[in-house]
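Open the model in your viewer and set the display to cartoon, with side chains available on demand. The stops below say what to select and what is found there.

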Amino acid sequence: MGLQIGDIVPRKDVKFEELRGKIIAVDAFNAIYQFLSSIRQADGTPLMDSKKRVTSHLSGLFYRNMALIAEGIKLIYVFDGEYHVLKGRTHEIRQEAKDIAKEKYLEAKDEEDIEGMNKYSRGFVRLDDEKIKESKELLEAMGIAVVQAPGEGEMQCAHLVKEGEAYAVGSQDYDALVVGGTRLIQNLTLARKRKTRAGEVYISPEMIRYEEVLNELGIDRDQFISLAILVGTDFNPGGIKGIGPKKALVLVRQRKYPVDIFREVEHLLDFNWQEVFEIFKKPNVKSMKISFPKLNEGKIKDLLVNEHEFSMDRIENHLLKLKEEKRKSAQSKLF
């Protein structure tokens with residue numbers, strides 16, 4: 001789910017060298033769900049230790065972020081706080097989809113359909129309190145700042161960028177843009193290929209700038225929020241029936257002001273647009289100063305190796321590589 005406006009948003013490829021020394025605020029739940037759904041064995045089974053505890057999220061958080069840190073990028077992981085009451089319907093829809101995926105997975109399992117098991121297992125990922133707790137512990141041990149948002153994590157990320165505490169938001173979703181996040185980076189990964197139905201495709205990080213989006217689309221902030229609501233957000237899933245991004249763009253350009261925009265589609269409304277508009281106009285965020293914890297190798301090894309049986313050699317090799325990169329970086333600064 002989420003805001004589907006990718007087709008009309010201008011973007012540019014960005015190289016990792018351009019991000020060296022920059023601070024990226026990451027939507028934690030977005031990233032962890034991605035790891036839980038993608039890091040799996042051929043039959044769809046997630047990575048687990050001998051006690052059958054899922055470790056896919058820890059694997060993703062460690063290896064992905066160690067690679068980014070080695071590139072000279074500093075990271076802030078922002079965790080969701082309380083959900084807005086209007087997000088209830090979105091959770092219901094997601095739960096229904098998870099139930100269907102689980103049912104299809106069990107059918108595939110009975111038929112020993114490995115491909116089907118792999119496909120449907122990704123559809124009923126669950127993020128519980130224990131996974132959140134150990135994710136925070138690992139991130140802090142890696143020297144990554146952990147922030148607890150009062151509301152939506154992605155909106156808090158945008159606020160950190162607007163206040164200069166971070167350079168950009170790292171997320172696959174677009175909510176940060178709608179609340180005015182200055183810069184959004186998608187595909188923040190060192191993996192160069194991604195599997196799709198059409199086969200493997202090359203991917204690279206992409207930068208989306210808020211001001212460029214508004215200028216390219218020829219709209220202002222209120223029109224952008226209105227466009228998002230017309231298309232559908234997590235607070236009004238589905239948006240307005242029959243209106244996609246391109247139609248929405250034409251409408252907000254023609255009517256200009258939110259009251260006039262939604263008067264035009266009043267006969268199709270089954271939600272209070274003013275309530276949703278207010279969420280994006282005045283998001284539930286807080287101002288804060290970010291401090292970064294020190295790298296704690298002992299804590300990393302204790303959690304990953306001693307607790308969850310990760311390979312000591314692999315963990316140590318990545319830590320050594322990180323030290324070497326930092327040494328080179330410090331040396332280059334001296335010269």
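Select helix 3 and helix 6 first: their crossing is right-handed. This is a predicted model. Helix 3 covers residues 56-70 and helix 6 covers residues 129-141; they pack at an angle of about 20 degrees, with axes 10 Å apart. Angles under 35 degrees count as roughly parallel, and helix 3 and helix 6 are therefore roughly parallel to each other.

Now show the side chains at this contact. On the helix 3 side, pick H57, L58, L61, F62 and N65; they meet K131, E134, S135, L138 and L139 of helix 6. Sorted by class, the contact of helix 3 with helix 6 holds 5 nonpolar, 3 polar and 2 charged residues.

Next, select helix 2, residues 28-38. How many of its residues are buried? The number is 8 of 11, so helix 2 counts as mostly covered. The buried ones are A28, F29, N30, A31, I32, F35, L36 and S37. To see what they pack against, add strand 2, helix 3, strand 3 and helix 6 to the selection.

Then turn to the sheet. Its 7 strands run in the order 1-9-6-5-2-3-4, forming an open sheet with mixed pairing. Strand 1 (12-13) and strand 4 are at the edges with a single partner strand each, so one side of each has no neighbour in the sheet.

Go to the edge formed by strand 4. Strand 3 (residues 74-79) pairs with strand 4 in the parallel sense, over 4 bridges. One bridge to select joins F79 to its partner Q148 in strand 4.

Stay on strand 4 and show its side chains. In a regular strand, side chains alternate between the two faces of the sheet. Which residues of strand 4 (residues 145-148) point to the buried face? They are A145 and V147; V146 and Q148 point to the other face and are not buried.

Move to the opposite edge, strand 1. Strand 1 pairs with strand 9 (residues 206-209) in the antiparallel sense over 2 bridges. Select D13 and E206: E206, in strand 9, is the bridge partner of D13.

Finally, select helix 7, residues 153-162. Helix 7 lies across strand 2 (23-27), strand 3, strand 4, strand 5 (168-170) and strand 6 (183-186). Relative to strand 3, helix 7 runs at about 140 degrees.

Key:
Residues are numbered from 1 along each chain as its sequence is written. This is a predicted model: local features need pLDDT of at least 70, side-chain atom pairs count only at pLDDT 80 or more; totals for chains, interfaces and linings use all residues. Side-chain values use heavy atoms; hydrogens and water are left out. Axes are lines fitted to C-alpha atoms, for helices over the stretch in contact, and angles run from 0 to 180 degrees between N-to-C directions. Angles under 35 degrees count as roughly parallel, over 145 as roughly antiparallel, 65 to 115 as roughly perpendicular and the rest as oblique. A crossing is left-handed if the near helix is turned anticlockwise from the far one by less than a right angle, and right-handed if clockwise. Contact means heavy atoms within 4.5 Å. Ala, Val, Leu, Ile, Met, Phe, Trp, Tyr, Cys and Pro count as nonpolar, Asp, Glu, Lys and Arg as charged, and the others, Gly among them, as polar. Buried means under 20% relative accessible area, exposed over 50%, partly exposed in between (1.4 Å probe, protein chains only). Two strands pair if DSSP finds at least two bridges between them.
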